[in-house]
Every structure is written in structure tokens, then in C-alpha cells.
Amino acid sequence: MTQKKPIIALTPNFNVDKEEPYMRPAYLKAIRNAGGIPIILPLDLEETELSQLLETIDGVLFTGGPDIHPFYFGEDTQAHCGNVCLRRDRLELSLLRLAMERNKPILGICRGIQLINIGLGGDIYQDIPSQFPEDFPVAHTQPFYYDIPSHKVDVTSGTLLARIAGSAVLNVNSMHHQAVRRVAPGLVASGHAAHQLVEAIEKPDYPTFFLGVQWHPEYLWEQDPAAARIFSLFVQASR
């Protein structure tokens, strides 16, 4: 009998100006290559509907997207904060809590790592260039296409990320102006960019799979085995 493929729910991106949800194909391709079936969640699900869906969903991927409203981590809006999508914030924070209650495997990418950290009680830099001093400013919003790495991440030994990476350093791409600042209770930082900016978080006591990364492995997996392993181990944990 053919083994059933795990169903991976992806949170939708949302064009605030056009009021349209959408999904970048790179996420779907990465999940399918790893052996999962990706589905895109509707934006306006209630908690009862999310709970019902989680009876069928095997893993959850929190994707990239717009900034998260600063009220969710107790701050006013900083001058360089970008646009927000309150409907998406509400959906994802509820989904995170409900998925964790059921020990569903969780992967967060870019906005996803920030959402996870905020949802568990941490906070973020609303704008790296104006809030995070660097003597050599790293291009966290890189000037070239996403399938080309732009900076390095130092990997913390003994972590899930270290098992995935297979080395002490990863070459990653970068498309963000916000980042994890204070790591939430119960999480650990397992990867750092220059000047100790957090690039990866995980939950060591989580029973399945729990990882957030600031970069975009969905654009790197075809040429980078470590990026491919992020998705393969996530989907494997969702079986």
C-alpha cells in the first residue's frame, strides 16, 4: 500500500492594497519536493474551524509576508515599521496556539519566525537599520535574486538546526527588515547572523518538529542540501 503523504497547511500571504490573498509558488514546490501535500489556508477562519482542520492537517508552515502589528508585542508603531495585515495576525496567532496544543510539527519562515516568537511572548526589532546598530551593515534585504545567498549564519551546536545544517555555518539569503529581538520563554536561538542578530529559533522540548528561520530556504533547496533538509525533516516529522 502506498504511504499517505502528510498534509502541510501554509498560511496565506495577503496583498493589503488589493485585498487579495496569494501564495508564492516556491513554498509549494519545496513542500511537494519533500514529500508533502501543501494546502493554503483561508484567511478568515474562526478558531472552531481551525480546530476542525487541524484534525486533518499534519504540519503547519508559517510563511513570509507583511509586518506584524506592534501592539501584539506591547509597542507603539516605530517610524520605519511597514504595512500590516490584522486578519493574518489574528489567524496565525490562533493557529500557532492550536497547533502547539496538538503537537503538530511547525516551521516558520521569515515573518513566520517573528510570528512564532511574538506568539510565545518574545518581541522583534520593528526595523533593523534604525534599531540594530552595525559597524558593517549587513544587507538583510539583499540586492540580488533570492536563489543567491547573501550572508552567513553561525549555527549553535547541539541544536535541531545543527543537525539539519551538518556544519557550523550556513550561507543564507535575506529579505527582511525586521528580526527577533528578545527570544520568547521556552525557545532558544540556534542561529545568528553578524553582530549576534537572531536568525533561527527552536523549542528543544517540543515532541515533534519546531523551527523558525529568518531566511528563505524555499528559494535555496534546489542547490543547497541544508535548505532541502529543513523541508524534508519537517515533512518527515509530519508523517
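**Close-up A. The enclosed space of the predicted model, with one cavity of 30 Å³ or more**. In this predicted model, the count of cavities of 30 Å³ or more comes to one. The space that lies in the largest cavity is about 40 Å³.

**Close-up B. The residues around the largest cavity**. The lining includes Leu170, Asn171 and Val172 as well as Trp215, Pro217 and Leu220, and it is completed by Asp224, Ala226, Ala227 and Ile230. Two elements, strand S9 (169-172) and helix H7 (225-237), are those that give two or more residues to the lining of this largest cavity. When the lining residues of the largest cavity are divided by class, eight are nonpolar, one is polar and one is charged.

**Close-up C. The largest pocket and the residues closest to its centre**. The largest pocket of the model has a volume of about 410 Å³. It is lined by 23 residues, of which Asn13, Gly64, Gly65, Pro66 and Asp67 are the closest to the centre of the pocket.

**Close-up D. Elements and residue classes in the lining of the largest pocket**. Strand S2 (13-15) and helix H4 (111-119) are the elements that give two or more residues to the lining of the largest pocket, and the largest share, three residues, comes from S2. By class, the lining of the largest pocket holds eleven polar residues, together with eight nonpolar and four charged ones.

Notes
Residues numbered from 1 in each chain as written. Predicted model: local features only at pLDDT ≥ 70, side-chain atom pairs only at ≥ 80, totals over all residues. Heavy atoms only, no water. 1 Å grid on protein atoms, 1.4 Å probe; cavity = no way out; pocket = protein on both sides within 12 Å on 5 of 7 lines; lining within 4 Å. Points joined across faces, edges and corners; volume = space filled by probe spheres on them. Helix = DSSP H or I, 4+ residues; strand = E, 2+ residues; numbered from the N terminus. Nonpolar A, V, L, I, M, F, W, Y, C, P; charged D, E, K, R; others polar.
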